[in-house]
Amino acid sequence: MSQQKDTYYILFKNWSLDPNQWSMLMDGTAVILTLLGFIIAFWLYKVQREDKATDAHRFFKASLPGLKSSIHHAISDLREFKESLDLDKVVDPVLSVSLNDKFLEKVNLVALNRYYAKNDKASLEHFNNLLVDSNFFGDYRDYITNQIKYFRTVYLEREETQTGNMLRMKEKIRVVLDNDISRFEEILLNIDLLLNEKR
């Protein structure tokens, strides 16, 4: 940049600017660079959000087969327990600890919801259903274990004292087990829909 009296120019004298014009040019350039910086920052933020959503979805999909397997085992255990009610020896169901794994707490649910809302709206309802179902299967192992302990205690007491109607009590438990098994089967159907979602 060369100076000739009060006129400044860049490269060529024909592009000369006086101090006021030069100041306006510098201010305009600063505004444009600031706006460009905001646009780049917003774009990077958007890309980062999309990456987080994709990572959350990838982890979620990788976790579903394990959950599905646990629920299959739970159904088998509950059916075996139900059948054992007709035998002299009641068998405690050995439910998988994976039911209480609460894997959804390990997922960024906001990012995962964003993924489904943007990339797979058809599966969003199934995802929301699984969130509701997780309240059921997440605490189910502790719940059913306590119920069976209660049943076993009452069963043994009544068996020893020869009092009470054990057939009625067993029937009530069968109804509860049938309802729980049906609920687990509905959850499995929902998981299958999530696993087979369109890409």
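These legends accompany several close-up views of a predicted model.

Local features are described where pLDDT is at least 70 and side-chain atom pairs at pLDDT 80 or more, while totals for chains, interfaces and linings use all residues. Residues are numbered from 1 along each chain as its sequence is written, and side-chain values use heavy atoms, with hydrogens and water left out.

**View 1. The chain combines 5 helices and 2 strands.** Welcome to the overall fold, which runs β-β-α-α-α-α-α along the sequence. Helices (H or I, at least four residues) and strands (E, at least two) are DSSP runs, numbered from the N terminus. Of the 199 residues, 30% count as buried; buried means under 20% relative accessible area, exposed over 50%, and partly exposed in between (1.4 Å probe, protein chains only).

**View 2. Salt bridges connect helix α1 with helix α5.** A salt bridge is a side-chain nitrogen of Lys or Arg within 4 Å of a carboxyl oxygen of Asp or Glu, and the whole structure holds 7 of them. Take Lys68 and Asp192 to begin with: their closest N and O atoms are 2.6 Å apart. This pair links Lys68 in helix α1 to Asp192 in helix α5, 124 residues apart. Lys68 is partly exposed at 23% relative accessibility, and Asp192 is partly exposed at 24%. Asp178 and Lys82 also meet in a salt bridge, at 2.5 Å from N to O. Asp178 lies in α5 and Lys82 in α1, so this pair ties together parts that are 96 residues apart in sequence. Asp178 is partly exposed, with a relative accessible area of 31%, and Lys82 is partly exposed with 24%.

**View 3. Lys61 is a buried residue of helix α1.** Lys61 counts as buried because its relative accessible area is 12%. Its C-alpha atom is separated by 9.7 Å from that of Ile191, 130 residues apart along the chain.

**View 4. Helix α2 has buried residues on one side.** In α2 (residues 109-119), look for Ala111, Leu112, Tyr115 and Tyr116, which are buried. They cover an arc of only 135° around the axis, so they lie on the same side of α2; the arc is that of the directions from the helix axis to the C-beta atoms. Phe60, Tyr115, Tyr116 and Phe127 form one aromatic cluster. At the start of α2, a side-chain oxygen of Asn108 comes within 3.3 Å of the backbone nitrogen of Val110. Lys118 of α2 links to Glu50 of α1, 68 residues apart, through a salt bridge whose closest N and O atoms are 2.6 Å apart. Glu50 is partly exposed at 31% relative accessibility.

**View 5. Tyr140 takes part in aromatic pairs with Phe136 and Phe184.** Rings of Phe, Tyr and Trp (its six-membered ring) pair if their centres lie within 6.5 Å; planes under 30 degrees apart count as stacked, over 60 as edge-to-face and the rest as tilted. The whole structure has 8 aromatic pairs. Phe136 and Tyr140 form a tilted one, 5.2 Å centre to centre with 50° between the planes, and both residues are buried. The ring centres of Tyr140 and Phe184 are 4.9 Å apart and their planes stand at 85°, so this pair is edge-to-face. Because Tyr140 lies in helix α4 (residues 140-161) and Phe184 in helix α5 (residues 166-195), the pair ties together parts 44 residues apart in sequence. Phe184 is buried too, like Tyr140.

How values were computed
Polar contact = N/O pair within 3.5 Å; in protein donor to acceptor, adjacent residues only side chain to side chain.
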